[in-house]
Amino acid sequence: MGYIAEEYMRLRHKLIPYLYTANYNCHKFATQLIEPLYYYYPDDKAAYSTKNEYFFGKELLVCPITKPTSDGCSRFTAYLPCGEWTDIFTGVKYTGGRHIDMVRHIDEYPVFAASGAVIPYSDDDNYNSVANPANLRFDVYSGLGEYTLYEDGFCADGSAGEAFTTVTVKKVGNALTVSVKACGDLVYPETRKITLSFKNAYKGGVSFTRNGAAETVSVSGGDNLSVTFKYNHGDECAFTVTAEDLTIAEFVAKFIAPVFSEYKDCVRVKRFLYNEMLKASDFCELKKLVVGSDLSEVLKEKTLEILG
């Protein structure tokens, strides 16, 4: 259990830019770090009757697990308001406006970002530092949104100052436009590098302009598309991400394969089903294959949750 607590403590430290901004917003605008669903969805009756769930800052929806585990897993029902939501740990996307039966291992926690959300993280290696990071990452979720990061500190002349870095997100069709601009005082390292991690874009291209002039940028793959660039204070940087949809086989390989590897079902059963799923033509066929399989009930439930 110790390693689970350690990982979440490390995550909390990486989230200091997010937490610090939330506390600034509390001071400036009286918005609390933790708020109930109905603050954001006052016309949604389910937002009033849903127990335990809360917003952690304005970008993250947390669905605490309050039921006991069985064989290392918990089954529970979460409510997601209308819109598109992404599990920040698994990358699985959910359509909201409904209650959803979910399954999580003891080391997993259901935390969701709405479409258009932007989450800042420190990517510095020093886990004990609380300084404004030289390496800053924004996880960007496809949609329409805007987030302003707040930082304070001392300028080069020793005077106190404040900086505001705004990330704006807009999606039109398959094209996602993301802009980054910092204003105020230079209270963060001049050597700052920013990484934009486009969480709902897995393949495609990225174009980049700085102050209106096109520049080249290296695009990394992996779990999703991302770019890293040197940021100069006051620059207006804009990115256009042209994402391509995953094929059914690519979806299965990305989201189903990791789950099959976690659960200790019969290897032969999982291998046979996985190969059949790779040949499926649509999600309805995928669901039929899972329902008719010999998987354990808990793995069936988890797989069907992912398939929507």
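Is Cys237 buried or exposed? Select that residue to begin the tour, bearing in mind that what is on screen is a predicted model. Cys237 is buried, with a relative accessible area of 0%.

**Cysteines**

Keep Cys237 selected and add the other cysteines. The structure holds zero disulfides, and Cys237 accordingly takes part in none, the nearest cysteine sulfur being that of Cys183, 14 Å away. Now move to Cys266, which is likewise in no disulfide; for this residue the nearest cysteine sulfur belongs to Cys73 and is 18 Å away. Cys266 is partly exposed, with a relative accessible area of 40%, whereas Cys237 has a relative accessible area of 0% and is buried.

**The largest pocket**

Next, select Ile88, Phe89, Thr90, Gly91 and Asp223, which, among the 37 residues that line the largest pocket, lie nearest its centre. The space in this pocket comes to about 970 Å³. To see where the lining comes from, colour α1 (2-14), β7 (98-105), β10 (135-140), α5 (248-262) and α8 (297-307), each of which supplies at least two of the lining residues. Which of these elements gives the largest share of the lining? It is α1, with seven residues. If you then colour the lining by residue class, you should find 15 nonpolar, seven polar and 15 charged residues.

**The second largest pocket**

Move on to the second largest pocket, whose volume is about 480 Å³. It is lined by 22 residues, and selecting Lys93, Asn200, Tyr202, Asp245 and Leu246 will show those closest to its centre. Here β13 (175-184), β19 (236-243) and α5 each supply at least two residues of the lining, and the largest share, three residues, comes from α5. Helix α5 is thus a useful element to keep displayed, since it also supplies at least two residues to the lining of the largest pocket. By class, the lining of the second largest pocket has 13 nonpolar, five polar and four charged residues.

**An enclosed cavity**

For the next stop, select His13, Lys14, Ser122, Asp124, Asn126 and Tyr127, which line the largest cavity. The count of cavities of 30 Å³ or more comes to one, and the space in the largest cavity is about 30 Å³. Its lining residues divide into one nonpolar, three polar and two charged.

**Helix α8**

Return now to α8 (297-307), one of the elements that supply at least two residues to the lining of the largest pocket. Eight of the eleven residues of α8 are buried, so this helix is largely enclosed by the rest of the structure. To see which ones, select Val298, Leu299, Lys300, Lys302, Thr303, Glu305, Ile306 and Leu307, the buried residues of α8. With these side chains shown, display β4 (73-80), β6 (93-95), β7, α5, α6 (267-278) and α7 (283-291), against which the buried residues of α8 pack. Stepping past the end of the helix brings you to Gly308, which follows α8 and has a positive phi, near 80°.

**A buried glutamate in a loop**

Select Glu59 next, in the loop between β2 (54-56) and β3 (60-62). Although it lies in a loop, Glu59 is buried, with a relative accessible area of 5%. Show the side chain of Lys58 as well, and draw the polar contact of 2.4 Å that joins it to the side chain of Glu59. What else is Glu59 in contact with, leaving aside its neighbours within four places in sequence? The residues to select are Tyr18, Phe112, Ala113, Ala114, Ala117, Val118, Ile119 and Tyr147.

**Two asparagines with positive phi**

The last stop concerns backbone angles. Most residues other than glycine have a negative phi. Select Asn52, in the loop between α4 (45-49) and β2, where phi is near 75°, a positive value in a residue other than glycine. Asn52 is partly exposed, with a relative accessible area of 47%. Then select Asn211, which is placed in the loop between β15 (204-210) and β16 (213-215); its phi is also positive, near 55°.

Methods: Residues numbered from 1 in each chain as written. Predicted model: local features only at pLDDT ≥ 70, side-chain atom pairs only at ≥ 80, totals over all residues. Heavy atoms only, no water. 1 Å grid on protein atoms, 1.4 Å probe; cavity = no way out; pocket = protein on both sides within 12 Å on 5 of 7 lines; lining within 4 Å. Points joined across faces, edges and corners; volume = space filled by probe spheres on them. Helix = DSSP H or I, 4+ residues; strand = E, 2+ residues; numbered from the N terminus. Nonpolar A, V, L, I, M, F, W, Y, C, P; charged D, E, K, R; others polar. Disulfide = S-S within 2.5 Å. Buried < 20%, exposed > 50% of the residue type's maximum accessible area, 1.4 Å probe, protein only. Polar contact = N/O pair within 3.5 Å; in protein donor to acceptor, adjacent residues only side chain to side chain. Contact = heavy atoms within 4.5 Å.
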